[in-house]
Amino acid sequence: MGDFHRPALPGPTAFRDVVGTPDHAEATAAGHRIAHLLVRGTDSAADEALVERVVHLVDTEGLGTLADLWAACPADTIAGCLWRLYLIHTWVHRQPDQAAREYAAGVSHAPVQNALAGVVEPPTPDDVVRLVDAVLRGVVRSDFDVTLDRAAAFAHVAAVGRGQLENGDPLSAARLFDLARQLRHAAAVERAGQLS
């Protein structure tokens, strides 16, 4: 029994040099917290510092790094809404000609949604990019429900257009329409004061 040693408990620095990624639950929680701070604002200096770090990260690494934290979040959460807005933003910036063509094809079939989205007729690729950028700039204001409604209207019209085009893809049109439905539902949840 003389060779038995009591196990040492790890001190506060024991895990400092462990390399790895945070687990899924930690990443999801961080994504929700950051999304909440970006949309709802901050209450403390520590939160302000976090938002500044996030903005710096987006500037240096791109929005995709941050958006990855939101990818698995439900559609009726702030983080899930930001993920869906990011998808629309990325698509329009990568394929502005296609986005404008699909949107233009859907306008006559969804005139109410077009009025909600606020795109000039006929939309040029630059008009569509400006609309999406304007919608996303509204994210940090108190009218988040309006931002979600406008993004939903844009996605709805583009989905209808995608389905109307001769070389359109019905499956991806259905997915885009579903994204519009999710954003519209989230806007209603936001108006009810229940989006978290």
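Student: Which helix does V55 lie in?
Tutor: This is a predicted model. Look at residues 45-61, which form one helix. V55 lies within that stretch, so the helix is α2.

Student: Is V55 buried, partly exposed or exposed?
Tutor: V55 has a relative accessible area of 36%. Buried needs under 20%, and exposed needs over 50%. The value for V55 falls in between, so V55 is partly exposed.

Student: How far apart in space are V55 and L66, C-alpha to C-alpha?
Tutor: Start with the sequence: V55 and L66 are eleven residues apart. In space, their C-alpha atoms are separated by 9.6 Å.

Student: What about D47: is this residue buried or exposed?
Tutor: D47 also has its place in helix α2. Its relative accessibility is 13%. The limit for buried is under 20%, so D47 counts as buried.

Student: Which residues does D47 touch, not counting those up to four places away in sequence?
Tutor: One of them is L37, ten residues away along the chain. The C-alpha atoms of D47 and L37 are separated by 7.4 Å. The full list for D47 is R33, L37 and T42.

Student: How many helices and how many strands does the protein chain have?
Tutor: Read along the sequence, the pattern is α-α-α-α-α-α-α-α-α. Every symbol in that pattern is an α. The count is nine helices and zero strands.

Student: What share of the protein chain is buried?
Tutor: The chain has 196 residues. It exposes about 11,500 Å², and carbon and sulfur atoms supply 56% of that area. Buried residues make up 40% of the chain.

Student: Which helix gives the most to the largest nonpolar core?
Tutor: This core has 44 residues, and W70, L82, I88, F144, L148, L183 and L195 have the most contacts inside it. Helices α1, α2, α3, α4, α5, α8 and α9 each supply at least two of its residues. With ten residues, the top contributor is α4.

Student: Why might such residues sit together?
Tutor: There is a general tendency to recall. In soluble globular proteins, nonpolar side chains tend to be buried together.

Student: Is V92 buried or exposed?
Tutor: V92 lies in helix α4. The C-alpha atoms of V92 and V129 are 6.0 Å apart, although 37 residues separate them along the chain. The relative accessibility of V92 is 0%, so V92 counts as buried.

Student: How many disulfides does a search of the whole structure find?
Tutor: Take two cysteines, C73 and C81. C73 is buried at 3% relative accessible area, and C81 is buried at 0%. A disulfide needs two cysteine sulfur atoms within 2.5 Å. The search of the whole structure finds zero.

Student: How are α5 and α8 placed: roughly parallel or roughly perpendicular?
Tutor: Two packed helices are described by the angle between their axes and the distance between the axes. For α5 and α8, the angle is about 85 degrees and the axes are 6 Å apart. Angles of 65 to 115 degrees count as roughly perpendicular. That makes this pair roughly perpendicular.

Student: Which residues of α5 make this contact?
Tutor: The α8 side is made by F154, V157, A158, V160, G161, R162 and Q164. On the α5 side, the residues are Q98, E102, Y103, A105, G106 and V107.

Student: Which residues does E102 touch, not counting those up to four places away in sequence?
Tutor: E102 lies in helix α5, which spans residues 96-107. E102 is buried, with a relative accessible area of 5%. Its contacts are W91, V157, A158, G161, R162 and L165.

Student: And Q164: which residues does it contact, leaving aside neighbours within four places in sequence?
Tutor: Q164 is found in helix α8. At 46% relative accessibility, Q164 counts as partly exposed. H109 is 55 residues away along the chain, yet the two C-alpha atoms are separated by 9.0 Å. The contacts of Q164 are A105 and H109.

Student: Among contacts between residues at least 6 apart in sequence, what share joins residues at least 24 apart?
Tutor: We have just met one such contact: Q164 touches H109, and these residues are 55 apart along the chain. Across the protein chain, the share is 66%.

Methods: Residues numbered from 1 in each chain as written. Predicted model: local features only at pLDDT ≥ 70, side-chain atom pairs only at ≥ 80, totals over all residues. Heavy atoms only, no water. Helix = DSSP H or I, 4+ residues; strand = E, 2+ residues; numbered from the N terminus. Buried < 20%, exposed > 50% of the residue type's maximum accessible area, 1.4 Å probe, protein only. Contact = heavy atoms within 4.5 Å. Core = buried A, V, L, I, M, F, W, Y, C linked by side-chain atoms within 4.5 Å. Areas by Shrake-Rupley, 256 points an atom, 1.4 Å probe, with all protein chains shown as cover. Axes fitted to C-alpha atoms, helices over the stretch in contact; angles between N-to-C directions. Parallel < 35°, antiparallel > 145°, perpendicular 65-115°, else oblique.
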